[in-house]
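Hi,

Here is the structure I promised to pass on. Have a look first, and my notes follow underneath.

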Amino acid sequence: MKGIDVSKHQGKIDWQRVKAAGVEFAIIRAGYGMYAHQVDPRFAENMAGAKAAGIPVGVYWYSYAVTRDEARREAEVCLKTIEPYRAQIVLPVAFDFEDKSQAGLTAEESAAICAKFLAAVEAAGYRVMLYSFSNWLQTRLRADSLKGYPRW
C-alpha cells in the first residue's frame with residue numbers, strides 16, 4: 001500500500017490531490033512532547049482533509065521523553081489530543097522515538113520509555129506501533145522487550 005506521513009512541515013496539503021495520486025493511507029502527526037501547546041498546528045486540518053478525501057489515517061506522536069514519567073505524560077497529552085478523532089483513527093498510533101535528546105539513553109532505558117507510552121495508549125483502546133529509523137531500532141532499543149509492538 002502507498003502511504004504518507006505528514007506534519008506541519010508539509011504545509012497546507014491538497015488531500016484530494018493526494019488521493020488522486022494513489023495514496024491509500026496517511027499517518028498524521030498529532031503533536032510532540034508533554035504539553036498541550038505542542039499539538040501539531042495542522043493536526044485538525046490534516047485530519048479533516050484526509051477524512052474528506054476518504055483516506056484512512058493513523059497518527060504519530062514525536063517524543064523527546066528521557067524518563068518513563070515523561071513518556072507517561074506524553075501519552076496523556078497524546079490521548080487527550082486524539083480522542084475527538086477516535087472513530088477516524090483506523091490505523092495505529094505510533095510513538096516516534098528518535099530525538100537527539102534520547103541518544104545517550106541505554107537500550108534498557110529507551111525500551112522502558114517506549115513501552116510506557118505504547119502500553120498507556122494501547123490501554124486506552126488504540127492499536128500502537130513504534131516509529132523510528134532503522135539504526136535506532138537495531139542499536140538503541142532492546143528488541144526482546146518490545147517484540148509485541150509492530151515497528152515502522
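Let me start with a surface residue. Arg86 has a relative accessibility of 31%, so it counts as partly exposed. Its side chain meets that of Glu83 in a salt bridge, 3.0 Å from N to O. Glu83 is partly exposed as well, at 38%. Elsewhere, Asp69, Arg72, Arg73 and Glu76 are joined into one network by salt bridges that share partners. Do keep in mind that this is a predicted model.

One link in that network is the salt bridge between Asp69 and Arg72, with the closest N and O atoms 2.5 Å apart. Both residues sit in helix α3, three residues apart, which is about one turn of the helix. Asp69 is partly exposed at 37% relative accessible area, and Arg72 is partly exposed at 30%.

The structure has seven salt bridges. Another one to look at is Lys12 with Glu45, at 3.7 Å from N to O. This pair ties together distant parts of the chain: Lys12 is in the loop between β1 and α1, while Glu45 is in helix α2, 33 residues apart. Lys12 counts as exposed at 66% relative accessibility, whereas Glu45 is partly exposed at 31%.

Back to helix α3 (residues 68-82), which also holds Thr81. Is Thr81 buried or exposed? Its relative accessible area is 12%; the cut-off for buried is under 20%, so Thr81 is buried. Leaving aside residues up to four places away in sequence, Thr81 touches Ala30, Val39, Phe43 and Trp61.

Now the overall fold. There are five helices and five strands, and along the sequence they follow the pattern β-α-β-α-β-α-β-α-β-α. One piece of this is a right-handed β-α-β unit made of β4, helix α4 (residues 107-123) and β5. Strands β4 (residues 89-97) and β5 pair in the parallel sense over four bridges, and Ala94 has Met129 in β5 as its bridge partner.

In a regular strand, side chains alternate between the two faces of the sheet. From β5, Val128 and Leu130 point one way and Met129 and Tyr131 the other, and all of them are buried.

As for the whole chain, its radius of gyration is 15 Å, which agrees with the value near 15 Å for a compact globule of 152 residues. The C-alpha trace spans about 45 × 30 × 25 Å along its principal axes. Buried residues make up 45% of the chain, and of the roughly 7,600 Å² that the chain exposes, carbon and sulfur atoms supply 53%.

Cheers

Terms used: Residues numbered from 1 in each chain as written. Predicted model: local features only at pLDDT ≥ 70, side-chain atom pairs only at ≥ 80, totals over all residues. Heavy atoms only, no water. Buried < 20%, exposed > 50% of the residue type's maximum accessible area, 1.4 Å probe, protein only. Helix = DSSP H or I, 4+ residues; strand = E, 2+ residues; numbered from the N terminus. Pairing = 2+ DSSP bridges. Right-handed = clockwise from strand over helix to strand, strands pointing away. Rg over C-alpha atoms; globule rule 2.2 N^0.38 Å. Areas by Shrake-Rupley, 256 points an atom, 1.4 Å probe, with all protein chains shown as cover. Contact = heavy atoms within 4.5 Å. Salt bridge = Lys/Arg side-chain N within 4 Å of Asp/Glu carboxyl O.
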